[in-house]
Amino acid sequence: MSVLVFVKEPYHLEKRCALLPDNVKIYKRLGATIQVESQIGDTLGFTDQHYIDAGAEIFTDRSAALSTAHAVLSVRPLALEELAQTPQTCCSISFFDPFNSPDKIASLLDNKRSCISMELIPRSTRCQKMDALSSQASLAGYVMVLKAMSNLHKTLPMMMTPAGTLKPAKVFIIGVGVAGLQAIATAKRMGANVIAYDTRPECAQQVQSLGAKFLNIDLGVTESTDQGYAKALSEEQLTLQQQAQADCIADSDIVITTAQLFGRKPPLLISNDVILRMKPGSVIVDMAALDGGNVEASVAGETIIYKAVKIVGDGDWAGEVALDASQMYANNLMALVQDMYNTETSLFTVDAQNDVLKSALVTYNGEVINPILKSQYTKETA
């Protein structure tokens, strides 16, 4: 019988958690022992008793629990010293941020620990239930519109009153991935006039199906990765894109940027000279602010005013709706564990040949498994 350990997140950084009481019951059906750190659900209104009633064991000694775990599941990754406290056979599962965690990867390799990064789950039909990036990005798109609306000093829908007609707010969304599509749908539901843009022309139909307009910019040939992400543009394409977008940005009340390149710095989409063209009181929400930003003036983790334009770079998007975000993330984890769990032996099994884990495994038995990371570390040691 495998021991699955769920640890409490640092409250000052993270409002979400990796397990809700309803998930415990399903894990128990697999035959697993579920150990949950005391107060794991406090930020969401769940007490330890809720988890006990569902069948979990509560612990207060984190080091002792880590020392007996077959798998440790969390939202944020364990600290280096905590990874060392786990058995060599233990696998840690979290949003690992693998491209920005060389020290942790080195420690995992040295100590022959296994690690699964939820960011590396493949985007495929088979993995939809495990795709934590998409589930959190969808909530982020919703929250970004609410953030923009709360910072804008006007209404989103058109209003006809005896005192005059209020025009609908103009919202421009750059990037039509999961977050962008949810932002479009949310802004449209709020009654805004929405225009969206993406480097992938195939996104135009999706935008139009939501009732928004698609901004057509002829960039020549653009490509997508096999995971559905937009590939980086050339310098010439990026310049052409920025010039074409500038007029639309200047005419908008709200601009939301969602352009992120996994494992690389996000592209700069809005320079300071474009912000100067925007109307006073306009709002920009920069989804990529914590990773370097799509907006030149954005500040990671803060909302600032630049030349009478508010720029929101808070970053904790899904955490603003932490209960729903936790439910979705916990279900993503559960789907992954169910895929890995051997019900006949009641054991959690890490199989590096599993088609999901070929991508999602960062390290296993002293080796880097994910092909992109593997090529990176091979170059570094060559």
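Author: Buried means under 20% relative accessible area, exposed over 50% and partly exposed in between, taken with a 1.4 Å probe and protein chains only. Helices (H or I, at least four residues) and strands (E, at least two) are DSSP runs numbered from the N terminus. This is a predicted model, in which local features need pLDDT of at least 70 and side-chain atom pairs count only at pLDDT 80 or more, while totals for chains, interfaces and linings use all residues. Residues are numbered from 1 along each chain as its sequence is written, and side-chain values use heavy atoms, with hydrogens and water left out.

Reader: Are the residues that point either way from β13 buried or exposed?

Author: In a regular strand the side chains alternate between the two faces of the sheet. From β13, Val-283 and Val-285 point one way, whereas Ile-284 and Asp-286 point the other way. The state shared by all of these residues is buried.

Reader: Which residue of β15 stands opposite Ile-284?

Author: Two strands pair if DSSP finds at least two bridges between them. β13 is joined by 3 bridges to strand β15 (residues 309-312), and the two run parallel. Opposite Ile-284, the residue in β15 is Ile-311.

Reader: Which residue in β13 is the bridge partner of Thr-257?

Author: Thr-257 belongs to strand β12 (residues 254-257), both faces of which are covered: Ile-254 and Ile-256 on one side, and Val-255 and Thr-257 on the other, are all buried. Between β12 and strand β13 (residues 283-286) there are 4 bridges in the parallel sense. Within β13, the partner of Thr-257 is Asp-286.

Reader: Which residue of β12 is the bridge partner of Val-171?

Author: Strand β9 (residues 170-174) also pairs with β12 in the parallel sense, over 4 bridges. The partner of Val-171 in β12 is Ile-254.

Reader: Which strands stand at the edges of the sheet that contains β12?

Author: This open sheet has 7 strands with mixed pairing, in the order β11-β10-β9-β12-β13-β15-β14. An edge strand has a single partner, so one side of it is left without a neighbour in the sheet. The strands in that position are β11 (213-214) and β14 (303-306).

Reader: What angle does the direction of α9 make with that of β9?

Author: Strand β10 (residues 193-197) runs parallel to β11 and is joined to it by 2 bridges, with Ile-195 opposite Lys-213. Helix α9 (residues 235-250) packs on this sheet and touches β9, β10 and β12. Axes are lines fitted to C-alpha atoms, for helices over the stretch in contact (heavy atoms within 4.5 Å). On a range from 0 to 180 degrees between N-to-C directions, α9 and β9 make an angle of about 160 degrees.

Reader: Which edge strands does the sheet with β1 have?

Author: That open sheet is formed by 8 strands in the order β3-β2-β1-β4-β5-β6-β18-β19, and its pairing is mixed. Pairing on one side only are β3 (57-59) and β19 (367-368).

Reader: At what angle does α11 run to β5?

Author: Within the sheet, strand β1 (residues 3-6) and strand β4 (residues 71-73) pair in the parallel sense over 3 bridges, and the bridge partner of Val-5 in β4 is Val-72. α5 packs on the sheet, touching β6 (114-117), β18 (361-364) and β19, with a direction at about 35 degrees to that of β18. Helix α11 (residues 322-340) lies across β1, β4, β5 and β6, and its angle to β5 is about 145 degrees.

Reader: With which residues is Ser-101 in contact, leaving aside its neighbours within four places in sequence?

Author: Ser-101 lies in the loop between β5 and α5 (102-111). Its relative accessibility is 10%, so Ser-101 counts as buried. Beyond those sequence neighbours, the contacts of Ser-101 are Phe-96 and Tyr-377.

Reader: Which strand gives the most to the lining of the largest cavity?

Author: A cavity is a set of points on a 1 Å grid, over the protein atoms alone, where a 1.4 Å probe fits but cannot get out, and lining residues have an atom within 4 Å of a point. The largest cavity has a volume of about 40 Å³, and its lining includes Val-72, Ser-92 and Phe-96. With 3 residues, the main contributor is strand β5 (residues 91-94).

Key. On a 1 Å grid over the protein atoms alone, a cavity is a set of points where a 1.4 Å probe fits but cannot get out, and a pocket is an open set with protein on both sides within 12 Å along at least five of seven lines; lining residues have an atom within 4 Å of a point. Grid points are joined across faces, edges and corners, and a volume is the space filled by probe spheres set on the points.
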